[in-house]
Amino acid sequence: NSLNRSLRSGAAGGCAGGPRSEVQTQIDSLMGTELRRLENLTPEQREAEMQRVMEDRKAAQDAAEDERNFPDQVDTPAHIPAKQRFLRYRGLESFHRSRWDPYESLPMDYARIYQFQNIRQTYKRVLQAFAEFPVKAEQYILIVLKGVPRAAFDVAADELLQKQRGFLTFSGLRKHEHKWSILNLSLQFANQFKEPIKSKESLLIHIGFRSIRGNPIFSEPNPHGDKHKFLRYWSPEDKFAVATLYGPIVYPPCPVLCFRTPKGGGQAELAAFGSALMPDPKRVILKRVVLVGHLYRIYKRQAVVRMMFHTTEDVLWFKPVGLRTKLGQSGHIIAPLGTHGYMKCQFSNGLRADDKVYMSLYKRVYPKWTTIPCSWLTAVEARYAVPSLEPKPTAMELGELPDEDEEKEQGGKKAADSGSEKG
């Protein structure tokens, strides 16, 4: 009885206030009969039906040439409430027109970076101050290094000569270039590189005279928008993307080269190239997940959707979020039906049986602070490998000497051992 009352109230709420037709009453009666049958299913039967739907979806994904045909689609877990699984996500009425506060719920790493109030005015002042530098082009100068031990310099120079590089590179820093911020790099794939690159993958990046190793996240280039869609995989078909990571501030224009290094060692391969954009911590990158629902019963612009959620509480939680279909219709949730995630929905136009219902949810993502400056020296680059992805080399592998305290402890142990031997 409660199910029938819910069905009638939902149907009445979905109509435009007019009288109920006989066809509508029959449709509601059939829906109620089918829902009662579903309510009486045993857990094993319900699990078998759910497994059948999942197998059909998996077969459709396997038949597709690429997962690009199913972008950002995820399955709602049956053992975890959807409102708990997607707690940090929210719905947007329009990806381009809806507002997202760039200072909302920032991570702790943002307290360690620098943000310009007006990056373009600062850039103009920096260039003007650099134009008045006393050293001109094609002028010989004498450089004196302060605070550099002579032994360390000799080791570096000998290694460079052994590798037949034969020179050292000295680069001056402009104002604020010693500070760290959020770097945005406009990249495109190299012609000979044909593999997709996953976000947060370890890359060796050369930005001007600097060389850093980090885990950038990729997003779609959108120069006229304030929100940018996160890319789980940057594929060669996309061609262009923007890489975001923590790093020392660099003013554009500045060339960028990205190399992928094999995990087992070997020569790095040029993956992408491009230029640096303005450092901007306020760049909003949104990760999207798409929940998929299947049409169960259709009557004109109304339909019963299942398999998007599994509980009534989840349907009520996500009720304010809008829906869309694969063929371009928009809609919303009217009311839940039953106790297993079935819901009655209203759409802008009539539906087809082969259509699917989607719900898009978004959350803001940030890069991880794994950026570490590298050097052309092999020992220093091995020492500053990314700790989250590669094992940290030991002090003996790097050729480091033990600290004075460790030497004293070792000396005391040796003295104690010698004293015990004498005793």
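Start by selecting Y110, W180, Y246, Y366 and W369: in this predicted model, these five residues form one aromatic cluster. Show them as sticks and keep the rest as cartoon for now.

Next, keep just two of those residues, Y110 and Y366. A pair of aromatic rings is described by the distance of the centres and the angle of the planes. The count of aromatic pairs comes to 14. Y110 and Y366 make an edge-to-face pair, with 5.5 Å from centre to centre and 80° between the planes. Now trace the backbone out from each ring: Y110 is in the loop between α4 (82-85) and α5 (119-131), while Y366 is in the loop between β17 (356-364) and β18 (372-373). That puts the two partners 256 residues apart, so this pair links distant parts of the chain.

Switch on a surface and check both tyrosines. Y110 has a relative accessible area of 14%, and because buried means under 20%, Y110 counts as buried. Y366 is buried too, at 14% relative accessibility.

Hop over to F218 and W234. What is the geometry of the rings of F218 and W234? Their planes sit at 40° and their centres are 5.2 Å apart, so this pair is tilted. Here the connection runs between strands: F218 belongs to β6 and W234 to β8 (residues 233-234), 16 residues apart. With the surface still on, look for F218, which is buried at 1% relative accessibility. W234 is buried as well, also at 1%.

Time for some charges over rings. Select K179 and Y114: the charged end of K179 sits over the ring of Y114, 4.0 Å from the ring centre. Then pick R297 and Y296, where R297 lies over the face of Y296 at 4.7 Å from the ring centre.

Last stop: D226. Find β6 (217-219) and β7 (227-231), and D226 is in the loop between them. Is D226 buried or exposed? Neither, as D226 counts as partly exposed at 43% relative accessibility. Show the side chains of D226 and K227, and you'll find a polar contact between them at 3.1 Å. Leaving aside residues up to four places away in sequence, D226 touches H96 and V284. To finish, draw a distance between the C-alpha atoms of D226 and S98: the separation is 9.7 Å, although the two residues are 128 apart along the chain.

Technical notes:
Residues numbered from 1 in each chain as written. Predicted model: local features only at pLDDT ≥ 70, side-chain atom pairs only at ≥ 80, totals over all residues. Heavy atoms only, no water. Helix = DSSP H or I, 4+ residues; strand = E, 2+ residues; numbered from the N terminus. Buried < 20%, exposed > 50% of the residue type's maximum accessible area, 1.4 Å probe, protein only. Contact = heavy atoms within 4.5 Å. Polar contact = N/O pair within 3.5 Å; in protein donor to acceptor, adjacent residues only side chain to side chain. Phe/Tyr/Trp six-rings, centres within 6.5 Å; stacked < 30°, edge-to-face > 60°. Lys NZ or Arg CZ within 6 Å of the ring centre and 35° of its normal.
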